[in-house]
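Q: I would like to learn how to read a ligand site, a cavity and a buried residue from a set of coordinates. Could we work through a case?

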Amino acid sequence: TRLTRADLDGLPAYMPGRNLADLTRELGIAEAIKLASNEVPYGPLPGVIEAVTDAMLHSHRYPDMGATALRDALAERLGVDAERIVTGCGSVALAEILVKATCLPGDEIVYSWRSFEAYPIISAGVGATSVRVPNTDGHGHDLDAMAGAITDRTRLVIVCNPNNPTGTSVRKAELDRFLASVPSDVLVVLDEAYRELVTDPEVPDGLETYGDRPNVLVLRTMSKAWGLAGLRMGYLVAQPEVAAAIRKVLTPFSTSLVAQAAAIAALAQEQEVRRRCALVVAERDRVTEALRAMGADVPSSQANFVWLPLGDGAIAFGQVCESRGVIVRPFQGDGVRVTIGTAEENDAFLAAAEVALKS
Ligand code: PMP
């Protein structure tokens, strides 16, 4: 007898980067370096620890299920009505709930591949069919092919901009053309987890540029630029009817009291967030240039990571880095994603990369 769905057997599991403490212990070094999960390396923002500590005084009570204060703070910052915002336990949980709110078994979800590894998992969760459109030779989305992949069964198209793990992004002219061709009964998700790190003026802010379209939804996170990865807080902005439908299938109370308080405190630190993002961007450009000087074919990244398209050499590259105390994120047979850390961390990575690329 089997107690769980047979169709889940072939589904690849989400693979987080190697555990930092484990590698540190194994190598017997002071501390290994983790450049595997696209976190920003500068610690919690000022005010966040105090806000969390204060919130703990009320932790025997349920949180505000509607996250009203946080949604008001987000609404003000983003210039949209609070009723259009839904918060969730990380943007990945929101993406999952969004799939639940839009797809029945057999419905299709179109996305580029390779892209964020959670997309196949959340699609399979409801029995929806993943339609993966191969990336271009330049490792970015092929929007024309994605538009061509839409059928009568398509409910969602996910555009990951910038794309995880390749760092590539789609520009306004391409996206304009794409959106004009998508049928009005297909919801387009702009997954902008790394929006705060975008510096190319041709890469549009999905919310500012397309936020008023009925079938566009923008997904953002507080895990990266806002430094709250461990607390789990994401949000989406959609039209009010879409937001209301998504709210109906939210897991009740899934954003904790502490996460809500931390997010409000973080939003008060916009200047500091900008300063931190600028440091990451400068390092991103330095690391890209250094890798290219070593002969690696690194696409330009608009996120806080870079992509090395090493094909079958990906796993070996990752192993050399780990043996030198640096955890990166290899994707077997495809490439390696490396998160931008502090200047010292990046130097340690570049030293390991030099060895790995020669071996
Ligand atoms: N979307 C993309 C493109 C991501 O890279 C990530 C994090 N790796 C997420 C969503 C999810 O982030 P979180 O759940 O931490 O908000």
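The dialogue below takes the ligand, the cavities and one residue in turn; the model is a predicted one.

Q: How many residues surround the ligand, and which are the closest?

A: The shell around the ligand holds 13 residues. Ser 91, Tyr 194, Thr 221, Ser 223 and Arg 232 are the closest. By class, the shell has five nonpolar, five polar and three charged residues.

Q: Which atoms of the protein lie opposite the oxygen and nitrogen atoms of the ligand?

A: Look for pairs of N or O atoms within 3.5 Å. With Tyr 194, the pair is an oxygen atom of the ligand and a side-chain N or O atom, 2.6 Å apart. A polar backbone atom of Val 92 is 3.0 Å from an oxygen atom of the ligand. For Lys 224, an N or O atom of the side chain is 3.2 Å from a nitrogen atom of the ligand.

Q: How much of the accessible area of the ligand does the protein cover?

A: On its own the ligand has 390 Å² of accessible area, and the protein covers 93% of that.

Q: How is empty space inside a model found, and how many cavities are there here?

A: A probe the size of a water molecule is rolled over the atoms, which shows where empty space is left. In this structure, a search of the whole model gives two cavities of 30 Å³ or more.

Q: What is the volume of the largest cavity, and which residues line it?

A: Its volume is about 60 Å³. The lining consists of Met 65, Thr 87, Leu 250, Thr 251, Pro 252, Phe 253, Ser 254 and Thr 255. Four of the lining residues of the largest cavity are nonpolar, four are polar and none is charged.

Q: What lines the second largest cavity?

A: The second largest cavity, of about 40 Å³, is lined by Ala 95, Leu 98, Val 99, Tyr 119, Leu 156, Ile 158, Val 189, Asp 191 and Leu 219. Two or more lining residues come from each of α4 (91-102), β5 (154-160) and β6 (187-191). Helix α4 gives the largest share, three residues. By class, this lining has eight nonpolar residues, no polar ones and one charged.

Q: Why does Asn 346 count as buried?

A: A residue is called buried when its relative accessible area is under 20%. Asn 346 counts as buried because its relative accessibility is 1%. Asn 346 belongs to helix α13, residues 343-358. Between Asn 346 and Val 326, the C-alpha to C-alpha distance is 9.4 Å, with 20 residues separating them in sequence.

How values were computed: Residues numbered from 1 in each chain as written. Predicted model: local features only at pLDDT ≥ 70, side-chain atom pairs only at ≥ 80, totals over all residues. Heavy atoms only, no water. Near = heavy atom within 4 Å. Polar contact = N/O pair within 3.5 Å; in protein donor to acceptor, adjacent residues only side chain to side chain. Areas by Shrake-Rupley, 256 points an atom, 1.4 Å probe, with all protein chains shown as cover. Nonpolar A, V, L, I, M, F, W, Y, C, P; charged D, E, K, R; others polar. 1 Å grid on protein atoms, 1.4 Å probe; cavity = no way out; pocket = protein on both sides within 12 Å on 5 of 7 lines; lining within 4 Å. Points joined across faces, edges and corners; volume = space filled by probe spheres on them. Helix = DSSP H or I, 4+ residues; strand = E, 2+ residues; numbered from the N terminus. Buried < 20%, exposed > 50% of the residue type's maximum accessible area, 1.4 Å probe, protein only.
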